[in-house]
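Good morning, and thank you for coming. I should like to take you through one structure, part by part. Please bring it up on the screen.

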Amino acid sequence: MNFKDKIVLITGASSGIGEAYAKLIASEGAKLVLQARSVDKLEALVKDINAKGGSAFSFPTDLTDAKVVKAQAEIIKREIGIPDVIVNSAGAGNWLSIFDTSEKDFGEMMASPYFATVYTIKAFLNDMVKRNSGHIITINSAASYLIFPGALGYLSTRWALRAFQNGLYDELRSTNVSTTSIVAGKVDSPYFTNNPISAQRLPKIGAMIMKALTVDEVAMVINRALDKRKKTIIIPWQMFLAIKFGQFFPGVLGMLLRATGYKGIRKEIAKL
Ligand SMILES: NC(=O)c1ccc[n+]([C@@H]2O[C@H](COP(=O)([O-])OP(=O)(O)OC[C@H]3O[C@@H](n4cnc5c(N)ncnc54)[C@H](OP(=O)(O)O)[C@@H]3O)[C@@H](O)[C@H]2O)c1
């Protein structure tokens, strides 16, 4: 994509995939609008990009608050313009079972990434549709196609995000606004440092058949998605094959995920 004078809004830009994507396209002529909660990290990134000749703006936002997202969007539209590209990469959530997850935890996991993504898209979509151009990319997890033990809240939000993204793709068919889901297997990012239990609960079958992706590899896939305008991209290719296998043989894939996944549910039940 030619980024000259384009406006690219990236959520979750203070870390991991969002940050890597901002850095990748920083020198390509786009105006970057960067959102996350961490004011210091966003401002350091903006400073770095602008010092190297890029054009970046920091809009620190808790994207789980619909009113705040809408108010920030109005400022962004007024001061910078309507985004040509939105990359939804904000998201969090620990991997816990039904027994370990409080009602509040379930709500927070649904809030980010699911509602954060919905609110961000809602805040800009009407303007993009009226202009009849734009591309919305959402980073989702391979967990949106899988079921494995000990990560119930996380799995539910990623399945919800996949349903939202697929439905949105359909509703936008008659417009020139595209949407792409980038569905990734494990990515080496601060996500697993911030959510240490998640790292322990990854079903081991994943590491047996594929390497973790780097944030830079995912950033390059985001760039390619802007040119190809595909509905869904699953990476790496081994994860694509595993998901396809699971669609034909769901019982076998489920058994492999359970056999190599978290084994603590029975103990959790025994403790009740
Ligand atoms: N790492 C993986 O293996 C992997 C694989 C597949 C999919 N994904 C998904 O990709 C997305 C990005 O993951 P990552 O690996 O880049 O994780 P990360 O390094 O932890 O980055 C997450 C980003 O989301 C922001 N964020 C979280 N909650 C927010 C909120 N309420 N409001 C605004 N910003 C918020 C964080 O910034 P602040 O804390 O500053 O707000 C941070 O910038 C997540 O949805 C994750 O589930 C990750």
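Let me begin with a single residue: does Val-69 count as buried or exposed? The model before you is a predicted one. In it, Val-69 has 24 C-beta neighbours inside 10 Å, and 20 or more are needed for a residue to be called buried, so Val-69 counts as buried. Val-69 belongs to helix 3. Leaving aside residues up to four places away in sequence, Val-69 touches Thr-61, Leu-63, Tyr-119, Thr-120 and Ala-123. To place Val-69 against a distant part of the chain, consider Pro-250: 181 residues separate the two in sequence, and their C-alpha atoms are 39 Å apart in space.

From this residue we may turn to its helix. Helix 3, residues 66-79, packs with helix 4 at an angle of about 40°, and the two axes are 9 Å apart. The crossing of these two helices is right-handed. On the side of helix 3, the contact is made by Ala-66, Val-69, Lys-70, Ala-73 and Lys-77, while helix 4 contributes Tyr-119, Thr-120, Ala-123, Phe-124 and Asp-127. By class, the residues of this contact are 6 nonpolar, 1 polar and 3 charged.

Just ahead of helix 3 there is a loop to consider. Thr-64 sits in the loop between strand 3, residues 55-58, and helix 3. Thr-64 counts as buried because 20 C-beta neighbours lie inside 10 Å. Beyond residues up to four places away in sequence, Thr-64 touches Ala-111, Ser-112, Phe-115 and Ala-116. Between Thr-64 and Gly-134, which are 70 residues apart along the chain, the C-alpha separation is 23 Å.

Ser-112 leads us to a feature of the backbone. A cis peptide bond joins Ser-112 to Pro-113, with omega at about 25°, and Pro-113 has its place in helix 4. A cis peptide bond also joins Ile-235 and Pro-236, where omega is about -10°. Pro-236 is found in the loop between strand 9, residues 232-235, and helix 10, residues 237-248. As background, most peptide bonds are trans, and most residues other than glycine have a negative phi.

With that in mind, let me mention two residues with positive phi. Asp-5, which is not a glycine, has a phi near 65°. Asp-5 is placed in the segment before strand 1, residues 7-11, and it counts as exposed because it has 11 C-beta neighbours inside 10 Å. Arg-229 has a positive phi of about 55°, although it too is not a glycine. Arg-229 lies in the loop between helix 9 and strand 9, and with 10 other C-beta atoms within 10 Å, it is exposed.

I now come to the interior. In soluble globular proteins, nonpolar side chains tend to be buried together. Here, the largest nonpolar core has 69 residues, of which Ala-22, Leu-32 and Leu-34 touch the most other members. The largest share of this core is supplied by helix 4, residues 103-131, with 9 residues. Not counting residues up to four places away in sequence, Ala-22 touches Ile-10, Ala-13, Leu-32, Leu-34, Leu-45, Ile-49 and Ala-56.

Ala-22 is one of the buried residues of helix 1. Why is helix 1 described as largely enclosed by the rest of the structure? Helix 1 spans residues 16-25, and 8 of its 10 residues are buried, so the helix is largely enclosed. The others that are buried include Gly-16, Glu-19 and Ile-25.

One partner of helix 1 is helix 9, residues 215-228: their axes come within 8 Å and cross at roughly 60°. This crossing is right-handed. Among the residues making the contact are Ile-17, Ala-20 and Tyr-21 of helix 1 and Val-218, Ala-219 and Ile-222 of helix 9. The contact divides into 10 nonpolar, 2 polar and 1 charged residue.

Finally, which residues are closest to the ligand? They are Gly-12, Gly-16, Arg-37, Ser-38 and Gly-91, out of 30 residues that surround the ligand. Helix 1, helix 4, strand 5 and helix 6 each supply at least two residues of this shell. By class, the shell has 12 nonpolar, 14 polar and 4 charged residues.

Terms used
Residues numbered from 1 in each chain as written. Predicted model: local features only at pLDDT ≥ 70, side-chain atom pairs only at ≥ 80, totals over all residues. Core = buried A, V, L, I, M, F, W, Y, C linked by C-beta atoms within 7 Å. Buried ≥ 20, exposed ≤ 12 C-beta atoms within 10 Å, placed from the backbone. Helix = DSSP H or I, 4+ residues; strand = E, 2+ residues; numbered from the N terminus. Contact = placed C-beta atoms within 7 Å. Near = placed C-beta within 6 Å. Nonpolar A, V, L, I, M, F, W, Y, C, P; charged D, E, K, R; others polar. Axes fitted to C-alpha atoms, helices over the stretch in contact; angles between N-to-C directions. Left-handed = near helix turned anticlockwise from the far one by under 90°.
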